[in-house]
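Please keep the model open in your viewer and follow the selections in order.

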Amino acid sequence: MDISYILNQLGEDHHEYFNAVSPPIVQTSNFLFDTVDDMRKAFAAEYDVFLYSRGNNPTVEILKQKIAALDGAEDALVFNSGASAIFCAVLPFVKSGDHIVSVKSPYTWAQRMFDVILPRFGVTTTYIDGTNITHWEEATRSNTVLYYLESPNSWSYELQDLAAVASLARSRSILTIIDNSYCTPLYQRPLDFGIDLSLQSATKYIGGHSDTVAGVLSGSRAHMEKIFYSEYMTTGAGATPFHAWLLLRGLRTLPARLERITRTTHEMVRWLKQQSWVTALLFPHDPGFPQYELAKKQMKDACGLLTFSVQAQTVAQVEHFCNALRRFRMAVSWGGHESLIIPKCAGMPREAFDPANPSHTQIRMYVGLEEADVLQNDLQQAAITAFL
Ligand SMILES: *Cc1c(COP(=O)(O)O)cnc(C)c1O
C-alpha cells in the first residue's frame with residue numbers, strides 16, 4: 001500500500017457521508033441499536049463496534065486504520081496525548097514483581113511513570129545506556145517483562161539498534177515498546193525490525209500545526225485489543241472525534257511537511273557547523289554523529305530536531321542570544337509549522353550554570369516550515385549581539 005493511498009483514501013467511505021471529501025466529525029457520545037440482539041452482540045464485542053465514543057468512534061476509526069497502515073501494523077489506537085499512549089502501552093503488560101529495562105532519559109513523563117507510579121505497584125525499572133546491545137543483555141533479569149526504547153532520544157538523539165534489541169527480547173519473551181515520535185513511520189518503521197509496539201506523540205508531526213495534543217500506538221490486533229479492554233477504556237484515554245479529525249487533516253500533508261523540514265534541517269546543520277560560535281552539534285544524520293552508521297541503517301532520514309552548543313562563558317550570553325531571536329520562538333514541543341528553541345539553561349537554576357559543562361551551553365532547535373535563509377539570518381543577528 002503506497003503512502004498516498006493510505007493518506008488520501010484508506011479507511012474512508014464517502015458513501016456513508018454524502019460523498020463529502022473531508023470525513024465528518026461524528027460528534028456523538030453513543031450509538032443506537034435497532035434490536036436487543038444487536039445490542040447484545042455489541043456488548044459482547046465492543047472492540048469491533050460503535051457502541052460508545054470512549055471506545056470506538058467513526059472519525060477516530062478512519063485515523064486508526066491510516067496509522068496502522070503507515071506503521072505496517074495490524075491495528076492501532078489513538079489517544080488523547082502521547083503520554084497516555086505511553087501509559088496505556090506499558091501498564092497492561094506489567095504486574096507486581098515485574099521488571100522493566102528502559103533507555104536512560106526517556107521522555108519526561110515516561111520516566112515519571114517508571115520512577116513514581118510503577119514502584120507503588122511493585123514494578124521496578126533499570127535505566128541503561130541503550131546504545132550498546134550488551135547493556136540490554138546485562139540489565140535483563142529473570143523477571144524482566146518489558147524493554148522500553150526511544151530512538152532517537154529527542155534531545156541527545158542516542159539510538160538503539162532496533163533489530164538487535166528486538167531479537168534479544170524475542171529470545172527471552174520480553175515485550176518491546178518504542179517511542180518513535182522523532183521519526184514518524186515515514187522515516188522509521190520499528191515493527192519492520194521486530195519491535196512489538198510503536199507509539200508517537202501525535203502532537204508533534206502528525207498534528208503538525210501546534211494546535212492538538214494526541215498520541216498514537218500501533219501493534220498486533222491482540223495487543224491493541226488487550227490495551228483497549230484495560231487501560232484504554234478504564235482511564236478514558238482515547239482521542240475525541242474532533243482531535244482525530246485534526247490529526248487526519250494533519251496527516252494529509254505529513255510527507256510534504258517532512259520533505260520541506262528535512263531539506264531545511266540539513267541546510268541548517270551545514271550552516272551551523274560553519275559558525276565560529278557553535279562548538280558542537282548533534283543530529284543523527286550528520287556524518288559526525290557517533291551513531292551515524294546505525295542512523296543511516298534504520299532511519300530513512302532525519303529532520304526537525306537538532307541540538308547545538310554555543311561558545312558562551314556566562315549564562316547571560318546564552319540568555320542574550322535566545323532573547324534576541326525574532327523568528328525562532330521559545331517554547332516546548334515541536335513538529336509544528338514554527339521553528340523553536342529551548343536552551344538547556346532554562347531547565348536549571350541560573351547559579352548552576354557551568355560553562356565548562358558541555359551540556360549547559362546546549363540549545364535544542366526545532367526547524368519548522370520557514371525558509372532556511374530567514375532562520376540563518378535570525379541566528380546570525382542574535383549571535384552578533386551575544387557572542388561576536
Ligand atoms: C512530546 C513527547 C511525548 C509526549 O507526548 P504528548 O503528546 O505531549 O503527551 C512523548 N515522547 C516524546 C519523544 C515527545 O517529544
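How many residue pairs are in polar contact across the interface of domain 1 and domain 2? The rule finds 18 such pairs, both residues at pLDDT 80 or more, a polar contact being a pair of N or O atoms within 3.5 Å, of which one must be able to donate a hydrogen and the other to accept it, with residues adjacent in sequence counted only if both atoms are side-chain atoms. This is a predicted model, in which local features need pLDDT of at least 70 and side-chain atom pairs count only at pLDDT 80 or more, while totals for chains, interfaces and linings use all residues. Residues are numbered from 1 along each chain as its sequence is written, and side-chain values use heavy atoms, with hydrogens and water left out.

Colour domain 1 (3-252) and domain 2 (254-386) separately; the bounds come from an automatic or database domain assignment. Between them they bury about 3000 Å², 61% of it on carbon and sulfur atoms, where buried area is the accessible area (1.4 Å probe) that two parts lose on being put together, summed over both. Next select Trp-155, Tyr-187 and Tyr-205, which supply 31% of the area that domain 1 buries against domain 2, more than any other three residues.

Then show Lys-297 and Asp-161, whose side chains meet in a salt bridge at 3.9 Å, N to O (a side-chain nitrogen of Lys or Arg within 4 Å of a carboxyl oxygen of Asp or Glu).

Finally, select Met-365, which, leaving aside neighbours within four places in sequence, is in contact (heavy atoms within 4.5 Å) with residues including Leu-272, Phe-308 and Leu-379.
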